[in-house]
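Subject: Structure for your review

Dear colleague,

Please find below the sequence and the structure that I am handing over to you. My findings follow directly after them.

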Amino acid sequence: MDWNDPDFRRRLRATFEAEAREHLRAIVPDVVLAESAAGAALAEVLGRVLKRLHTLKGAARAVELPEAEQLCHALEGLCAGWQRQHQVGTAEQFDLVHQACATLEQLAHDPAPQFAVQALDLARRIDHTASANAGAAPPPRSVPLPPAGTVSEPAKPAREEEYDPLPTRSLAEAAEQSEAVRVKAHDLDLLRGQVDALLPLELALAHQLGELRELEALAGDPDQVAARARQLAGALHGAHTRLSAVRTRLGEAVLDLAMVSARTALDNLPGAVRNQARMRGKRVAFNMRNDAGRIDRRILDVLREAALHLVTNAIDHGIEQPAARRAAGKAEEGSLEVTVSADDAGWVTLSVADDGAGMDTAALGSAAVRLGVTSAEQFASLDQHQRLHLALEAGVSTMSAVTSSSGRGVGLAIVAERAREVGGELRLHSAPGQGSRFELNVPVRVAAVRALLVRCADAVYAIPLAGLDGVARIGPDALATVEGRLTYAWKEQVLAAFPLGQLLGGGPGEARVAIVARASGLTCAILADDIEGELPLVPRGLGKLLGRPRYYTGAAPLPDGRLVPLLALDQVVADGMGRHATGAVIQAEAERPLGEARRRMLVVEDSVTSRLLLKHIMETAGYDVVTAVDGLDAQSQLRHGRFDAVVTDVEMPRVDGIALTRSIRANPETAELPVVLVTSLQAPEERERGLEAGADAYVVKGAFDQDSLLATLARLM
């Protein structure tokens, strides 16, 4: 092969780029390990690094990249010196190594002059560092440059199984390794067999089409036409059944070809965590575990991108500076743990957990109000879970300044959007002072989506079945208005409800059907006019011209030719639960008789869901109910109105239920007012605290019985 042949040079460079990326993705995690290793463990790690550097240096020589070759040689010298001395250098020296690895990957992809100059400068600085460590003058450059027009054989790798070149392809095609799929001959044979099975079906359909045309000649004999039509209908039904089976097998075979090992999903994290922590002056103990097997390569791309965004968020926003951690009684070194696991149901979970300061919901609220994502009034009505999920809105950030990696409020929004695109979900958990955990759940592979088709006025929408708990016709007493919000009674639960058509820009509609949906940890009832059926759909992207519509992840064709949009269920649920939707009432609340014995109750609860439930129960029992979002709000309500009893949660912001009870007992005007504590705290000492404060009764949420609550209220008044 002539070295001057452009096609040959492109193929060789493409192979080198893939090989360089593979080696560097193994080198960087080992370099991170070496920074804290000692003794035999250090020698083993450095030995692996040196073997890969030597192989990479030989490969760079083969494709005439002398700058990459010199940089590999300099790194070899530095690591060999550490190995001889049985100790590693400073953090600044490791910074140089990580810069060199990044430059090598860039140079392998694009040997532009600016990257070549950068590589030579780094090689010089690393040589100087290595000689300073050894206490000697810098050694002369020992890497010979190949003469123009010649090529040497690539150096053999230390272990043959470590080098598995990809099929030759152009440099442009190799720009993204994720676009290359290695296929076994057996899998290709299976695929070819299914394609071959389509031929007789095509011939059968062509024959039946010809018979349909011949049927036109029999138009004068209705009986003969009817009999022939029945025969053709049976034949077409059989062809359809066989075609469906072949399409299913063919689809499964294609999906299997797209499955790749999940082991590379976290390869780039150790170096990213180390460098990000160094930039922020933080200390981070990083652990990762990957127990997933084979996944769709598109899911692999989602996991890789999401993991990088989430660890960056944890280091920038979560883990505190060493001084702040000391002041909080924590170890100076923060903990960051990343795991990937798969279950038998076909889902893979990426979990990123830190032990940092947790998420500041007040700061999230301020940012969301400033951007118009929510209003101050709406934010006050959100529970803790809903407030946390404001972090998934684009532009919402708790950082006051923009850095090179954070502060624009887009990282988490990108992760949530990528999850929606493949039918997954991002969930957030956080506790002040204890840390945060992000869980990304995505399917193991991207395939057809089973969806429910719902109609709102003249529009039809598809909702993924994976996020639905039930569908029911709305009865006459199922809807009620609580605190100006629509609620739906379903299986002894009271759910917030909203009309889908109104949220998507139309009218509220007739609301004959309730679809119970769950997303982002929330459950609610979506109201629609009717159900048109259930179908498997293959969604497609909406294209660049449409951008990223808020409530849609794609669209899919229906059998009748219509195009139906697929809803982003988590965004629909989040906004329908109060962040954006007006929640207009579409069915009047049932009239209740107003007798003299009607009692007025004050319900105090910071969770909007629990508040709606308690209000609904007591209004159904015939009480007038006023609500308060916490103890401070309740104290204000008590000053301006008269009540027959107070039902309050214990754990609330600002003023909790215990302090509220004490203030009620301390005020002569309310000292005799019955107080019932409704709480999840079941410990005997907590019950004693409530009773000592002056509560008349104590109801535990975990064993909540609405009859018991109503009986308690009836007994106290």
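**Salt bridges**

The side chains of glutamate 320 and lysine 330 form a salt bridge, with an N to O distance of 2.9 Å. This pair links distant parts of the chain, with the two positions 10 residues apart in numbering: glutamate 320 lies in the loop between helix H9 (297-318) and helix H10 (322-327), and lysine 330 in the loop between H10 and strand E4 (333-342). Glutamate 320 counts as buried because its relative accessibility is 13%, and the cut-off for that class is under 20%. Please bear in mind that this is a predicted model.

A further salt bridge joins the side chains of arginine 326 and glutamate 332, at 2.6 Å from N to O. Arginine 326 counts as partly exposed, at 47% relative accessibility. Glutamate 332 also counts as partly exposed, at 28%.

Aspartate 696 and arginine 665 meet through their side chains in another salt bridge (2.7 Å, N to O). Here too distant parts of the chain are linked, the two residues being 31 residues apart: aspartate 696 sits in the loop between helix H20 (684-693) and strand E23 (697-700), while arginine 665 belongs to helix H19. Aspartate 696 is partly exposed, with a relative accessible area of 37%, and arginine 665 is partly exposed at 23%. Elsewhere, salt bridges with shared partners connect Glu35, Glu92, Asp95, Arg274 and Arg278 into one network. In total, the structure holds 30 salt bridges.

**Helix H18**

Helix H18 covers residues 631-640, and Gly631, Ala634 and Leu638 are buried in it. Viewed down the axis of H18, these buried residues fall within an arc of 50°, so they line one face of the helix. The general geometry accounts for such a pattern: an α-helix has 3.6 residues a turn, so residues three or four places apart point the same way.

What do the buried residues of H18 pack against? Their partners are strand E19 (600-604), strand E20 (624-628), strand E21 (645-648) and helix H19 (657-666). Helix H19 is also the element that holds arginine 665 of the salt bridge with aspartate 696. On the face of H18 turned away from the buried side are the exposed residues Arg639 and His640. At the start of H18, a side-chain oxygen of aspartate 630 comes to within 3.2 Å of the backbone nitrogen of leucine 632.

**A nonpolar surface patch**

Leu205, Leu209, Leu212, Leu236 and Leu243 make a nonpolar surface patch of about 370 Å². Helix H6 (185-215) and helix H7 (222-257) are the elements that give two or more residues to this patch. H6 provides the largest share, 3 residues. One of the patch residues, leucine 205, is found in helix H6. Leucine 205 is partly exposed, with a relative accessible area of 35%, and it can count towards the patch because that value is over 30%.

**The chain as a whole**

The secondary structure comprises 21 helices and 23 strands. The chain has 717 residues, of which 46% count as buried. Among contacts in the chain with a separation of 6 or more, 68% are made by residues 24 or more positions apart. The accessible surface of the chain is about 35,100 Å², and 53% of this area belongs to carbon and sulfur atoms.

With kind regards

Conventions
Residues numbered from 1 in each chain as written. Predicted model: local features only at pLDDT ≥ 70, side-chain atom pairs only at ≥ 80, totals over all residues. Heavy atoms only, no water. Patch = residues over 30% accessible without salt bridge, like charges linked within 9 Å, V, L, I, M, F, W, Y side chains within 5 Å. Areas by Shrake-Rupley, 256 points an atom, 1.4 Å probe, with all protein chains shown as cover. Salt bridge = Lys/Arg side-chain N within 4 Å of Asp/Glu carboxyl O. Helix = DSSP H or I, 4+ residues; strand = E, 2+ residues; numbered from the N terminus. Buried < 20%, exposed > 50% of the residue type's maximum accessible area, 1.4 Å probe, protein only. Arc of directions from axis to C-beta. Contact = heavy atoms within 4.5 Å. Polar contact = N/O pair within 3.5 Å; in protein donor to acceptor, adjacent residues only side chain to side chain.
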